[in-house]
Amino acid sequence: MSVALMGISIIQFYWLKKNIDLNAINFNDKVLLALNRVKQNLEDDANEFENFRKTQNRSETSLFKVDNDPLEKILTPSLDDYRLKQYQAQVANTAWLIKPEIALNTISAPDLSRYLRLELQKNGVKLDYDFGVFSNEIEDYTITNGNYNVNIDISNNMSDGGTAQKLNTTMYQVNLFDSEGRKAVGSLRVFFPKKTSFLISSVLPALISSILLTGLILFCFVYTINVILTQKKVSLMKTDFINNMTHEFKTPIATISLAADSINNPMVKSKPEMIERYADIIKQENKRMLNQVEKVLQIARLDKKDFELKIVPINLNDIVNVAMENTRLRVNKHGGTIKAYLKANNAKIKGDENHVSNVLHNLLDNAIKYSPDKLEITIQTIDVKKGVQIIITDQGIGMNKDDLKRIFEKFYRVSTGNLHDVKGFGLGLSYVKVITDAHRGRVSVESEPGKGSSFTVFFPHDPKEMK
Ligand code: ADP
């Protein structure tokens, strides 16, 4: 799918690029066509001059041999240059010289502006443009954007530098007065400042929609992969859970079956105290199974948010004491120690006694389960801002950083947990998290592999006061 997506993106990009290129070619053709027409018009005008000169029988003298008529008049763009020149020619008794070198001077700036506008319009080119007439002889522009640049003193700077620079680089140029094999005396140049944005804007809708659609596909792709990975993880966890659960039930079932067989044994039947012992075993194993079932059901209920906290004032120091006493027997059996440091002076909180007590039991259970060698457990209660902290520390196997991030997830078990033959469903800590969250508290853990773990649970004095 990644390869296909990449391929589609590249193809899209290729077609868009091709589209822009085609539009550019089309645009160039239109502009050059228009420029050639303008060129034709300008050359026609020049011929008209020549005819005029001949009919007037003027001699071919220099164009600017005029002394009594102010030259600037020729250069006044607001007047029709063509007529001005005619007038001037008559007055000065000189003639227009259509030698190639001076042919450019026959170009009338207003006419040029008009021709250009009309021809570009006719070809459907609607962009703004700069234009100019470049003279090869003086290597500068005699006309830019409809204004004459010619000075009497040719050595002066004539054209506007900015426009000239743009026109120098333009690809839209046609040589002027180069027909009938004559050498070109100059060129007409047009520059479109907004050409690039115009070309891009012509494909903009297609570009935007393809980016959006590709983005959408990409998003769905990432989302799908994510869902698949999560599902895979969940399914693995569930398999683990089922394996664990069957394992957990197998032992009591086997024990019960054994005890029942024993009761049926004629030798045992005759001894009531033996029967009583086996019945006790059956009862105990049954209770163990019930406990397991209860644990699973509890989590299922928590999952559906189908639980209600019975919030009453409770004293955490008391609850810790009770939990410790309940655990002490098991700890002693394993040859370990458990100590409590109840440093909190104000250990009163509002919470659900049952659930809070379960939280402590779960944490103490884990501390025992995961301390196979050195069983030393300490419980502390500490006053903190707005609440009480309970810290349960063990010196057990600890956990690495990656596991720490995930142990509060449902069904999550550290893989070495299985290796150590420690049984569990991976539900204990997720229960702890759900319950502390429901009390608007917090649970955190610090641990180092091989050194032990320390779980810190914070309960606020009053959940309602917490944001
Ligand atoms: P369970 O104990 O049933 O596997 P939990 O949710 O209680 O499930 O714990 C999740 C995992 O966190 C355990 O599998 C265990 O690897 C790890 N763990 C929990 N408490 C401790 C602890 N005190 N020391 C080391 N590892 C722990």
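## Reading salt bridges, strands and a surface patch

Analyst: Let's start in helix H12 (residues 401–406): Lys405 and Asp402 both lie there, 3 residues apart, about one turn of the helix. Keep in mind that this is a predicted model.

User: Okay, what links Lys405 with Asp402?

Analyst: The general idea first: side chains of opposite charge can pair when their charged atoms come close. Here Lys405 forms a salt bridge with Asp402, and the closest N and O atoms are 4.0 Å apart. Both residues are exposed.

User: How many salt bridges does the structure hold?

Analyst: There are 14. One of them joins Arg114 to Asp111, with 3.2 Å between the closest N and O atoms. That pair sits in helix H5 (residues 109–122), again 3 residues apart, about one turn of the helix.

User: And Asp111, is that buried or exposed?

Analyst: Asp111 is buried, because its relative accessible area is 9% and the cut-off for buried is under 20%. Its partner Arg114 counts as partly exposed, at 37% relative accessibility.

User: Which residue does Lys433 form a salt bridge with?

Analyst: Asp437, with the closest N and O atoms 3.1 Å apart. They are 4 residues apart in helix H14, so about one helical turn separates them. Lys433 is partly exposed at 32%, and Asp437 is partly exposed too, at 40%. Salt bridges can also link up: Arg37, Glu119 and Lys122 are joined in a network of them.

User: Where does helix H14 lie?

Analyst: H14 (residues 428–438) lies across strands S11 and S12, running at about 145° to S11. Those two strands belong to an open sheet of 5 strands, in the order S7-S9-S10-S12-S11, with mixed pairing.

User: Which strands stand at the edges of that sheet?

Analyst: S7 (337–342) and S11 (442–448); each has a single partner strand, so one side of each is left without a neighbour in the sheet. From one strand to the next, the twist averages 15°. As for S11, it pairs with S12 (residues 452–460) in the antiparallel sense over 7 bridges. You can spot the register at Ser444, whose bridge partner in S12 is Thr456.

User: Now strand S1. How do I read its two faces?

Analyst: In a regular strand the side chains alternate between the two faces of the sheet. In S1, Asp130, Gly132 and Phe134 are on one side and Phe131, Val133 and Ser135 on the other, and all are buried. That fits the tally for S1 (residues 130–135), where 6 of 6 residues are buried.

User: Which strands does S1 pair with?

Analyst: S1 pairs with S5 (residues 186–191) in the antiparallel sense over 6 bridges, and Asp130 stands opposite Phe191 there. S1 also runs antiparallel to S2 (residues 140–144), with 4 bridges joining the two. On that side Val133 stands opposite Ile143. S1 and S2 form a hairpin with 4 residues between them, and Glu139 in the turn has a positive phi of about 55°.

User: Last one: which residues form a nonpolar patch on the surface?

Analyst: Ile200, Leu204, Ile208 and Leu212 do, with about 350 Å² of accessible area together. Take Ile200 as the example: its place is in helix H7 (residues 195–264). Ile200 is partly exposed, with a relative accessible area of 38%, and the cut-off for joining a patch is over 30%.

Notes: Residues numbered from 1 in each chain as written. Predicted model: local features only at pLDDT ≥ 70, side-chain atom pairs only at ≥ 80, totals over all residues. Heavy atoms only, no water. Pairing = 2+ DSSP bridges. Axes fitted to C-alpha atoms, helices over the stretch in contact; angles between N-to-C directions. Contact = heavy atoms within 4.5 Å. Patch = residues over 30% accessible without salt bridge, like charges linked within 9 Å, V, L, I, M, F, W, Y side chains within 5 Å. Areas by Shrake-Rupley, 256 points an atom, 1.4 Å probe, with all protein chains shown as cover. Salt bridge = Lys/Arg side-chain N within 4 Å of Asp/Glu carboxyl O. Buried < 20%, exposed > 50% of the residue type's maximum accessible area, 1.4 Å probe, protein only.
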